[in-house]
Amino acid sequence: MRKFAMAALGGTVAGLILTTQVAGPLIAQENAANESVYEQLDLFGDIFERIRAQYVEEVSEKELIEAAIDGMLTSLDPHSSYLSPDDAERMRTQTRGEFGGLGIEVTQEEGFVKVVSPMDGTPAFEAGMEAGDFITHVDGESVLGLTLDEAVELMRGPVGSEIMITVVREGREEPFDVSIIRDTIELTAVRGRLEGDTAVLRIITFSDQTYPKLEETLNELVEEAGGMDQINGFVIDLRNNPGGLLTQAIKVSDAFLNEGEIVSTRGRENADSDRVNATEGDLAEGKPIVVLINGGSASASEIVAGALQDHRRAIVVGTKSFGKGSVQTVMPLRSEGAMRLTTARYYTPSGRSIQALGVSPDIVVQQPIAESEVEEEDEETPAARFSRSEADLRGALTNDSLSDDEQETIRQEQEAAEEAARLREEDYQLAYAIDILKGFLALRSEQ
């Protein structure tokens, strides 16, 4: 009995020693960390008072604190920031699909403002801004050293006013100026058209309007074509789509998937992670899909491209996407402002993150340089000469092996092929996507 008592006593003593050795240093470290935080806050207070009392000009205390908050957030990553009450209202307006500005989505890289993509039909798009452009000056004022919000503020102004932006573009030796007239941006989230038997759905942005407009446009195209049986497939054009609402990206992906994971998000803690699965129903009714992407396809558009690619529901064509694989949560603040904070990374159904890597297309197709950007061909080049065929020759024999109706059918097919060739001159990537769908149709006909 005495041995058991001694053993129990020894265990108690050992436990006390272990607690002292382990818990003691942990408590000390925690106290030291708290003291360090308080010391840093005291330092902030000292600097704030010195600026307020001794800076060469009188400054707004409110602006000082907002700048400090914004600096703290922007030091985390390019997408976290503080939104003043005015900025927060602008952001809410933008997600509704109508706002004032130039119509470009921007980020910050190496101290300069980088264009993620110009939005279709906006002043920036019409002025020729391109994804990947670097903005170095706004109305002659350098943006180097400014935060992204400060640079964006420089670009804001009254509707109808002119802004001069200095641009550095890959492939151009010298910077050049672009004049843009500010306007009210009214974005149609989705546009559609028929190219022969192919329905082309151009998704411009992911706002509150996107999924309802996608469904409406798709149904209109099917009706215009004479029914789903008359359509050989769909092209979903996500080029230069800067993204937007995660919820809309999920709805668009779900529109073409019957089952399986769409996207997963992983936060700092396991409890902050989430996974979203598709529900039954495919708006395209199983028709083949080609998705078009390029370096201006970012965020929500990458979620759609990645989901449809991983499930082999679509072939992705174009060039590598932008590579924004993080999720920002907008948190309202007491000042009526808001905080945009990166809270998670998102992953495609196969578990891959596209952060800084982008979505790689199944088939890489570069868009040829526009004719306006290359030297004009002289009059003797083949492109400048008209083409001739056997039927154009004087006295050519007629084809007597086919009926008039069969010959007319062939002529219509030839005209359709020539129309496709003209499309290649206007938009080579889109023409390539349509050719792929025609290939699907030919294979199915053979089978």
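1. Let's start with L221, a good residue to click on first. Leaving aside residues up to four places away in sequence, L221 touches G192, R193, L194, A199, V200, L201 and I231. Its place is in helix α6, which spans residues 210-225. With a relative accessibility of 3%, L221 counts as buried. One of the residues it touches is A199; L221 and A199 are 22 residues apart along the chain, yet their C-alpha atoms are separated by 6.5 Å. Please keep in mind, here and below, that this is a predicted model.

2. Stay on helix α6 for a moment, because buried means under 20% relative accessible area and P212 does not meet that cut-off. P212 is also found in α6, but its relative accessible area is 44%, so P212 is partly exposed. Try drawing a distance from P212 to K251: the two are 39 residues apart in sequence, and 9.5 Å apart in space from C-alpha to C-alpha.

3. Next, have a look at helix α7, residues 246-254. Which residues of α7 are buried? They are Q248, A249, I250, V252, S253 and D254. These buried residues pack against two helices you can colour in, α6 and α8 (300-310), and against the strands β11, β13 (261-267) and β14 (274-277).

4. S253 makes a nice close-up within α7. Its relative accessibility is 0%, so S253 counts as buried. What does S253 touch, not counting residues up to four places away in sequence? The contacts are I262, I303, V304, A307 and L308.

5. Now for the backbone. Most residues other than glycine have a negative phi. Two residues are worth checking against that background. D139 has a phi near 50°, a positive value in a residue other than glycine. D139 is found in the loop between β5 (134-138) and β6 (141-142), and with a relative accessible area of 46% it is partly exposed. N240 also has a positive phi, near 60°, and is likewise not a glycine. The loop that holds N240 lies between β12 (233-237) and α7. Is N240 buried or exposed? Its relative accessible area is 17%, so N240 is buried.

6. N240 leads us to a pocket. The second largest pocket has a volume of about 1,800 Å³. Of the 46 residues that line this pocket, the closest to its centre are E130, N240, N294, Q367 and P368. Several elements each supply at least two residues of the lining: β4 (112-118), β10 (190-195), β11 (198-203), α9 (404-426) and α10 (428-446). The largest share, four residues, comes from α9. If you colour the lining of the second largest pocket by residue type, you should find 14 nonpolar, 13 polar and 19 charged residues.

7. Aromatic rings are fun to spot, and the count here comes to two aromatic pairs. In one of them, F44 and F48, the ring centres are 6.4 Å apart and the planes meet at 20°, so the pair is stacked. F44 and F48 both lie in helix α1 (residues 2-54), four residues apart, which is about one turn of the helix. F44 counts as partly exposed, at 41% relative accessibility, whereas F48 is buried, with a relative accessible area of 15%.

8. The rings of Y428 and Y432 also pair: their centres lie 6.2 Å apart and their planes are at 55°, so this pair is tilted. Why tilted and not stacked or edge-to-face? Planes under 30 degrees apart count as stacked and those over 60 as edge-to-face, so an angle in between counts as tilted. Both Y428 and Y432 lie in helix α10, four residues apart, about one turn of the helix. Y428 counts as partly exposed at 31% relative accessibility, and Y432 is partly exposed with a relative accessible area of 29%.

9. Finally, look for charges over rings. R172 lies over the face of F176, at 4.2 Å from the ring centre. For R266, the charged end sits over the ring of Y347, 3.8 Å from the centre of that ring.

Conventions:
Residues are numbered from 1 along each chain as its sequence is written. This is a predicted model: local features need pLDDT of at least 70, side-chain atom pairs count only at pLDDT 80 or more; totals for chains, interfaces and linings use all residues. Side-chain values use heavy atoms; hydrogens and water are left out. On a 1 Å grid over the protein atoms alone, a cavity is a set of points where a 1.4 Å probe fits but cannot get out, and a pocket is an open set with protein on both sides within 12 Å along at least five of seven lines; lining residues have an atom within 4 Å of a point. Grid points are joined across faces, edges and corners, and a volume is the space filled by probe spheres set on the points. Ala, Val, Leu, Ile, Met, Phe, Trp, Tyr, Cys and Pro count as nonpolar, Asp, Glu, Lys and Arg as charged, and the others, Gly among them, as polar. Rings of Phe, Tyr and Trp (its six-membered ring) pair if their centres lie within 6.5 Å; planes under 30 degrees apart count as stacked, over 60 as edge-to-face and the rest as tilted. Buried means under 20% relative accessible area, exposed over 50%, partly exposed in between (1.4 Å probe, protein chains only). A charge sits over a ring if NZ of Lys or CZ of Arg is within 6 Å of the ring centre and within 35 degrees of the ring normal. Contact means heavy atoms within 4.5 Å.
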